[in-house]
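Student: Could you walk me through this one? I'd like to start with the metals and then move on to other contacts.

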Protein chains: 2
Amino acid sequence: MLFTAAEENYIKSIFHLQEDGSLVSTNAVAANLHTSAASVTDMLKKLKSKKLVSYEKYKGFKLNTEGKKTALIIIRKHRLWESFLVNTLQFGWDEVHEIADQLEHIQSKKLVDKLDEFLGYPKFDPHGDPIPDSNGKMHEQIQTSLAELAIHESGEISALGNPSSALLELLQHKQIQIGTNLIVEKIFSFDQSMEIKMNNELLFTISHELAKNLFIKKR
Amino acid sequence: MLFTAAEENYIKSIFHLQEDGSLVSTNAVAANLHTSAASVTDMLKKLKSKKLVSYEKYKGFKLNTEGKKTALIIIRKHRLWESFLVNTLQFGWDEVHEIADQLEHIQSKKLVDKLDEFLGYPKFDPHGDPIPDSNGKMHEQIQTSLAELAIHESGEISALGNPSSALLELLQHKQIQIGTNLIVEKIFSFDQSMEIKMNNELLFTISHELAKNLFIKKR
DNA sequence: AATAAATTTTAGACAAATCTAAATTTATTC
DNA sequence: GAATAAATTTAGATTTGTCTAAAATTTATT
Ligand SMILES: [Mn+2]
Ligand SMILES: [Mn+2]
Ligand SMILES: [Mn+2]
Ligand SMILES: [Mn+2]
């Protein structure tokens, strides 16, 4: 099924607002999309007729299975494009959202999958949010970025936030890879850089920028 | 000025149809965009009110200076995205047009310029059409692709069609660069490969694929 | 020059997406 | 348990882009 950009924006908004599986309100979507409550009601009728939401007048609504599946496709596109912009085109992570809000509506499954491949199948976007794979599966956030570990906490590297070639070069040089065990020995408040011990041996310093891109399963 | 995707499609269509500076007809645009003549007339009123076309009822129309400038921005985007798709994401040159027809409407000057930089400022798209630079200037086709030279013709390499890293690697290895003089010694009809003499010395074979991507100023 | 044919424009309608204002339903408060 | 407030839906309009059919204009052909 193909959807208009407007429909996709509503689907995405509802998805984000129902995180916990609860019902979503008309006003919440209106506020989120900076539109009127009346417009939301109009669109809900349409999404209901297209069988993407369960909706009863005045009672609230939520995406059904098909609706969630659709939302994940849009979110996948949004976050892959953000990764491309930051990673490949060197945009700052704070200037990509608007552009990705346009790019997420480009219709071509092949494009998205090729982009994913080109980017090296990143698990998280530049803001740390998980990127659904081509089956709509997202890494649950049982992992945290290294940057969020406290002193003396330890874990194992489980994913790369956004594998640019520059990042991969750095990791190769420092011999860091998926599965590497590490423990935080010190955090310098000046620049948030961390001193970490790797595989109980080597001790070295990691920038905050790098720490944000290393995802960890705590131990 | 910002324009809708529909407006941009009309502007681009008119641009292509007036190549020689002549007036364009309603039916020509209708055929080109697979729409009705009535729709074209409606849109022309709008483009006239936005001062992009000169148009007199029943007499035909053409883009004015501002209209052409706008058209070149859209064409620049279309051809850069095509280059990206073929070059970076490994699409075939015959499967990128539809996707570029969507991508050309993404609004962000910075995105286009960064994409151009990332691609290495290609002069021609994967179909051999010239890509306008950020000032709207296009390489006039006084140069031809090497693939179009006949036997015994000679010239100097003046531009790369689409500088992918794979192409650059090949050129570096063979020591071919901008300014290199060459003459076509032989063309094998079997695969269109060419035997060329470089700087009056080295003799070697070049595939048709490569020849299409080397642009030449004839001598 | 008159008529026929082709082209173009206008008239009127429709779907998508939005809005404001009024009506309806649900939630809160006394 | 009314009365009031808040949230939601409906009614009616508007803009954009499209369509078909009819009218107007230009071009071609007797
Ligand atoms: Mn969007
Ligand atoms: Mn993001
Ligand atoms: Mn287009
Ligand atoms: Mn092209």
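Tutor: We will take the metal sites, then the DNA contacts, then the salt bridges, bearing in mind throughout that this is a predicted model.

Student: OK, which protein donors does the manganese ion (ligand 3) have?

Tutor: Its protein donors are B:Asn9 through OD1, B:Asp101 through O, B:Glu104 through OE and B:His105 through NE2, and they lie 2.1 to 2.5 Å from the ion. Along the chain these donors follow the spacing N-x91-D-x2-E-H.

Student: And B:Glu104 and B:His105, buried or exposed?

Tutor: Both B:Glu104 and B:His105 are buried.

Student: What about the manganese ion (ligand 2), which donors does that have?

Tutor: The protein donors there are A:Glu82 (OE), A:Asp125 (OD) and A:His127 (ND1), at 2.1 to 2.4 Å from the ion. Because A:Glu82 sits in helix H4 (residues 65-87) of chain A while A:His127 sits in the loop between helix H6 (109-119) and strand E3 (144-145) of chain A, the pair ties together parts that are 45 residues apart in sequence. A:Glu82 is buried, at a relative accessible area of 1%, whereas A:His127 is partly exposed at 34%.

Student: Switching to DNA: how many residues surround DNA strand C?

Tutor: There are 21 residues around DNA strand C, and A:Thr4, A:Thr35, A:Ser39, A:Lys46 and B:Tyr55 are the closest. Of the atoms of DNA strand C that come within 4 Å of the protein, 78% belong to sugar and phosphate.

Student: Where do B:Tyr55 and B:Lys57 come in?

Tutor: A polar side-chain atom of B:Tyr55 is 2.4 Å from a phosphate oxygen of DNA strand C, and a side-chain N or O atom of B:Lys57 lies 2.7 Å from a phosphate oxygen of that strand. For A:Tyr58, in contrast, the partner is a base oxygen of DNA strand C, 3.3 Å from an N or O atom of the side chain.

Student: Last topic, how many salt bridges are there over all chains?

Tutor: A search of the whole structure gives 24. One of them joins B:Glu7 and B:Lys50, with N to O at 2.9 Å. Since B:Glu7 lies in helix H1 (residues 5-17) of chain B and B:Lys50 in the loop between H3 and strand E1 (53-56) of chain B, this pair ties together parts 43 residues apart in sequence.

Student: And which residue does B:Asp116 pair with?

Tutor: B:Asp116 forms a salt bridge with B:Arg76, their closest N and O atoms being 3.1 Å apart, and both residues are buried.

Technical notes
Residues are numbered from 1 along each chain as its sequence is written. Chains are lettered from A and ligands numbered from 1 in the order in which they are written. This is a predicted model: local features need pLDDT of at least 70, side-chain atom pairs count only at pLDDT 80 or more; totals for chains, interfaces and linings use all residues. Side-chain values use heavy atoms; hydrogens and water are left out. Donors are N, O and S atoms within 2.8 Å of the metal (3.2 Å for Na, K and Ca); water is not among the atoms, so sites may look incomplete. Buried means under 20% relative accessible area, exposed over 50%, partly exposed in between (1.4 Å probe, protein chains only). A residue is near a molecule or strand if one of its heavy atoms lies within 4 Å of it. A polar contact is a pair of N or O atoms within 3.5 Å; within protein, one must be able to donate a hydrogen and the other to accept it, and residues adjacent in sequence count only if both atoms are side-chain atoms. Helices (H or I, at least four residues) and strands (E, at least two) are DSSP runs, numbered from the N terminus. A salt bridge is a side-chain nitrogen of Lys or Arg within 4 Å of a carboxyl oxygen of Asp or Glu.
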